[in-house]
Amino acid sequence: MGKIVFFGSGPVAAKSLELLAADFEIEAVITKPKPAHHKGEFPVITVADRLNLPLLLVHNKKELSQLMSTQPVKSELGILIDFGIIITQDVIGYFPLGIINSHFSVLPEWRGADPINFAILSGQKTTGVSLMRLVEKMDEGPLLAYGVYELPPDITSPELTKHLVEFSYRLLKKSLPGYNKNSKLAPQSITQRKTSYSRKLTKSDGVIDWTKPAKQIEREIRAFLDWPKSRTTLLGKDTVIIQAKVSDHQGEPGEVIIIKNQLIVVCSEQSLTITKLKPAGKNIMTTEAFLAGYKNS
């Protein structure tokens, strides 16, 4: 196939771009500019610069429409991953073959932002990747291809993200070369998944509510490991919970139980035994190390 234009802004986009550049000729990378307050590298810009790929920078959908009106690229196809800017119909229509979005769920399940986190939060057994041709309505376009990924019971959001980025790359590598104006796309109903909607996570989502069941909080800890992190106060210290397992101790929700070197918090149903945590201002540590410090303070 001919050249493609890549749309993406976040870390997932940066890794995806790096993988795709080995197999496809990328005419240009359209991404957000580095914010003035941002310290360090900006992932997509860093990868594009290293690979000597032309960069086109836009802040929002209005700037993107203005950019495309100048006819900056000749590619017939756009690929969008982790872009963070709404795509309007004029931009979609600019490309004769449209824009293919690699969405990290099996659509129509988890339309919207942060689908990886919500796959873990829901406790579902499988998730996957959908290659969807963009339409103006959010995540409602027809599918070029999709694949299903089995979720290990203890997987975290960083681990799942890594697996799905690689899964997405393999699916794109297999599906894009044969894609043309005569390709038949399938309605999302082909996946037989129920329609559901995710949302952008906020910092407040990370505050642990011990009146929830232990199984739900354990999923939150794994789903929020990167952001917004599962936060609480333990033994008077602000703490991020890194790892925990469901246990069967009884008591009032939020009650802390210490048994030898075990740190247990009671939930509305069952309890959580904390195994790794990060006190404010400290490195990640085991429960044993945390309790040793508490006893010696």
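Let me start with helix H3, residues 61–69. Four of its residues are buried: Leu64, Ser65, Leu67 and Met68. Look down the axis of H3. The buried residues fall within an arc of 160°, so they line one face of the helix. Now turn to the face of H3 that points away from the buried side. There you find Lys62 and Ser69, both exposed.

One caution before I go on. This is a predicted model.

What packs over the buried residues of H3? The cover includes strand E1 (4–7), strand E2 (26–31), strand E3 (55–57) and helix H4 (89–94).

Both ends of H3 deserve a look. At the start, Asn60 puts a side-chain oxygen within 3.2 Å of the backbone nitrogen of Lys62. Just after the helix, Gln71 has a positive phi of about 50°.

Stay with H3 for one more residue, Lys61. Is Lys61 buried or exposed? Neither label fits. Its relative accessibility is 42%, and buried means under 20% while exposed means over 50%, so Lys61 counts as partly exposed. Setting aside neighbours within four places in sequence, Lys61 contacts Ile85, Ile86 and Thr88. Lys61 and Gly84 are 23 residues apart in sequence, and their C-alpha atoms are 9.8 Å apart in space.

Gly84 takes us to the largest pocket. The volume of that pocket is about 1,400 Å³. Its lining has 43 residues. Which of them lie nearest the centre? They are Asp82, Phe83, Gly84, Asp114 and Lys200.

By residue type, the lining divides into 21 nonpolar, 11 polar and 11 charged. Four elements each supply at least two lining residues: helix H1 (11–20), strand E5 (99–103), helix H5 (115–121) and helix H6 (157–175). H6 gives the most, with 6 residues.

H1 also has buried residues of its own. They are Val12, Ala13, Ala14, Ser16, Leu17 and Leu20. The cover over them includes E1, E2, helix H2 (43–50), strand E4 (77–80) and H6. E1 and E2 also appear in the cover of H3. And H6 is again the top contributor to the pocket lining.

Next, the loop between H6 and helix H7 (214–223). Thr191 sits there. Thr191 is buried, with a relative accessible area of 9%. Its side chain makes two polar contacts to look at. It reaches the backbone oxygen of Leu107 at 2.7 Å. A polar atom of the Thr191 side chain also lies 3.1 Å from the backbone oxygen of Gln188. Leaving out residues up to four places away in sequence, Thr191 touches Val106, Leu107, Pro108, Leu143 and Tyr146.

Ile190 is in that loop too. Ile190 is partly exposed, with a relative accessible area of 45%. Apart from residues up to four places away in sequence, Ile190 touches Leu143 and Tyr146. Both of those residues are on the list for Thr191 as well. Ile190 and Glu140 are 50 residues apart along the chain, with 13 Å between their C-alpha atoms.

On the other side of Thr191 comes Gln192, also in the loop between H6 and H7. Gln192 counts as exposed, at 75% relative accessibility.

Now the backbone. Most residues other than glycine have a negative phi, and most peptide bonds are trans. Here are some exceptions.

Gln192 is not a glycine, yet it has a positive phi of about 60°. Gln270 is not a glycine either, and its phi is positive at about 65°. Where is Gln270? In the loop between strand E11 (262–266) and strand E12 (271–279). Gln270 is partly exposed, with a relative accessible area of 27%.

Then the peptide bonds. Leu107 and Pro108 are joined by a cis bond, with omega about 10°. Pro108 lies in the loop between E5 and H5. Recall that Thr191 touches both Leu107 and Pro108. Trp227 and Pro228 are also joined by a cis bond, with omega about 5°. Pro228 lies in the loop between H7 and strand E8 (230–234).

Last, the whole protein. It has 8 helices and 13 strands. Of its 297 residues, 48% are buried. Its C-alpha atoms fill a box of roughly 65 × 45 × 30 Å along the principal axes. Take the contacts between residues at least 6 apart in sequence. Of these, 63% join residues at least 24 apart.

Conventions: Residues numbered from 1 in each chain as written. Predicted model: local features only at pLDDT ≥ 70, side-chain atom pairs only at ≥ 80, totals over all residues. Heavy atoms only, no water. 1 Å grid on protein atoms, 1.4 Å probe; cavity = no way out; pocket = protein on both sides within 12 Å on 5 of 7 lines; lining within 4 Å. Points joined across faces, edges and corners; volume = space filled by probe spheres on them. Nonpolar A, V, L, I, M, F, W, Y, C, P; charged D, E, K, R; others polar. Buried < 20%, exposed > 50% of the residue type's maximum accessible area, 1.4 Å probe, protein only. Arc of directions from axis to C-beta. Contact = heavy atoms within 4.5 Å. Polar contact = N/O pair within 3.5 Å; in protein donor to acceptor, adjacent residues only side chain to side chain.
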